[in-house]
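Subject: Structure for your review

Dear colleague,

Please find below the structure that I am handing over to you. My findings follow directly after it, and I would be grateful if you would read them alongside the coordinates.

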Amino acid sequence: MKIIVCVKQTLDTAAKVEIKDGSVHAPGAARIMNPYDEFAVEEAKLIKDRHPETEILAISIGPNAEVLKSALAMGADRALHLCDPLFDSLEGLGIAHVLSKAIERESYDLILCGRQAVDWDRAQAGPALAVFLGIPCVSVVTRLEFSEDYKRATATRQIEGGSEILECPLPLLLTCQKGLNLPRLPSLKGIMAAKKKTVEVLTAADLQLASDFSQGFHFASAAELALPPAHESAHMVQGEAADQARELVALLRNKEKVV
């Protein structure tokens with residue numbers, strides 16, 4: 001069985017960001033694997049634990065390959081980095097198109113993606129990738145089982161007010177939701193093994209996409225970025241925790257009249 005896992009590097013969700021020259025800046029903030037993608041990598045590893053012949057290929061698009069080293073440390077066998085300055089300004093649909101061109105070069109039975117990236121929160125790339133590849137897609141998956149011959153998958157997906165169970169043939173793309181598994185921390189052995197593995201790099205030219213970009217290949221672009229406007233009635237509570245608690249109670253009682 002061949003599993004492809006798409007991973008993205010994002011800012012730590014606790015990072016403080018600012019907007020400069022139309023882009024996000026967070027000096028000194030940690031970069032991490034998108035948390036939803038961790039569920040995808042872990043699920044691939046769990047499948048390999050049950051089916052040892054499985055091969056896991058991690059793919060990422062962007063300027064930094066560190067997220068792929070994390071995927072290798074978590075149990076991926078190979079890593080493919082799609083890196084080109086032309087890729088830097090792509091949004092969800094464009095990213096899915098580039099990923100599809102790379103994945104078409106590989107054989108695969110299952111593609112796993114995170115539900116969405118925690119930076120843009122669009123949840124577009126996974127379903128769009130399935131469309132480009134012409135394979136079924138089940139999103140927001142919280143449980144996954146396979147037939148004995150690993151030719152069909154039964155996926156439980158989260159829907160409003162409950163869940164839905166779908167049975168699909170492979171090849172198949174799934175987007176992974178919290179609750180599917182509990183991602184394990186990379187072991188020391190995995191971290192050391194990841195350092196010895198090479199990460200293959202493909203550019204726009206390698207994927208024969210250079211001409212597409214020269215002709216204005218973009219599905220959409222960000223016109224402007226801005227932080228949410230400050231709420232006029234917001235009141236920031238300062239000081240030590242005990243002082244903050246007293247001030248908060250006083251505000252709720254005397255100003256908001258809720259206690």
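Ser60 is found in strand E6, which spans residues 55-61. In this predicted model, the relative accessibility of Ser60 is 2%, so Ser60 counts as buried, the limit being under 20%. Leaving aside residues up to four places away in sequence, Ser60 touches Val7, Lys8, Val67, Leu68, Leu80, His81 and Leu82. Ser60 and Val201 stand 141 residues apart in sequence, while their C-alpha atoms are 9.9 Å apart in space.

Pro183 offers a second point of reference. This residue lies in the loop between E12 and helix H5 (188-196). Its relative accessibility is 21%, and Pro183 therefore counts as partly exposed. With residues up to four places away in sequence not counted, Pro183 touches Glu38, Phe39 and Glu42. From Pro183 to Ser100, 83 residues apart along the chain, the C-alpha separation is 26 Å.

Two helix pairs were examined.

The first pair is H2 (residues 66-74) and H5, whose axes come within 7 Å and cross at roughly 130 degrees. The two helices are therefore oblique to each other, and H2 passes H5 in a right-handed crossing. On the H2 side, Lys69, Leu72 and Ala73 take part, and they meet Gly190, Ile191, Ala194 and Lys195 of H5. Sorted by class, this contact of H2 with H5 has four nonpolar, one polar and two charged residues.

The second pair is H3 and H4, with axes that come within 8 Å and cross at roughly 45 degrees. That angle makes H3 oblique to H4. The crossing of H3 and H4 is right-handed. H3 contributes Gly92, Leu93, Ala96, His97, Leu99, Ser100 and Ile103, which meet Ala125, Ala128, Leu129, Phe132 and Leu133 in H4. By class, the contact of H3 with H4 has nine nonpolar, three polar and no charged residues. Ser100, cited above for its 26 Å C-alpha separation from Pro183, is thus among the H3 residues that meet H4.

H4 itself (residues 125-133) has Gly126, Ala128, Leu129, Ala130 and Leu133 buried. Which elements cover these buried residues of H4? They include helix H3 (92-103) together with strands E1 (2-6), E8 (110-114), E9 (137-146) and E12 (172-176). Ala128, Leu129 and Leu133 are among the buried residues of H4, and they also appear among the H4 residues that H3 meets. Just after H4, Gly134 takes a positive phi of about 70 degrees.

For the protein as a whole, there are seven helices and 13 strands. Of its 259 residues, 39% count as buried. Among contacts between residues at least 6 apart in sequence, 67% join residues at least 24 apart. Along the principal axes, the C-alpha atoms fill a box of roughly 65 × 45 × 40 Å. The domain assignment gives domain 1 as residues 2-216 and domain 2 as residues 229-258, and the C-alpha centres of domain 1 and domain 2 lie 42 Å apart.

With kind regards

How values were computed:
Residues numbered from 1 in each chain as written. Predicted model: local features only at pLDDT ≥ 70, side-chain atom pairs only at ≥ 80, totals over all residues. Heavy atoms only, no water. Buried < 20%, exposed > 50% of the residue type's maximum accessible area, 1.4 Å probe, protein only. Helix = DSSP H or I, 4+ residues; strand = E, 2+ residues; numbered from the N terminus. Contact = heavy atoms within 4.5 Å. Domains from an automatic or database assignment. Axes fitted to C-alpha atoms, helices over the stretch in contact; angles between N-to-C directions. Parallel < 35°, antiparallel > 145°, perpendicular 65-115°, else oblique. Left-handed = near helix turned anticlockwise from the far one by under 90°. Nonpolar A, V, L, I, M, F, W, Y, C, P; charged D, E, K, R; others polar.
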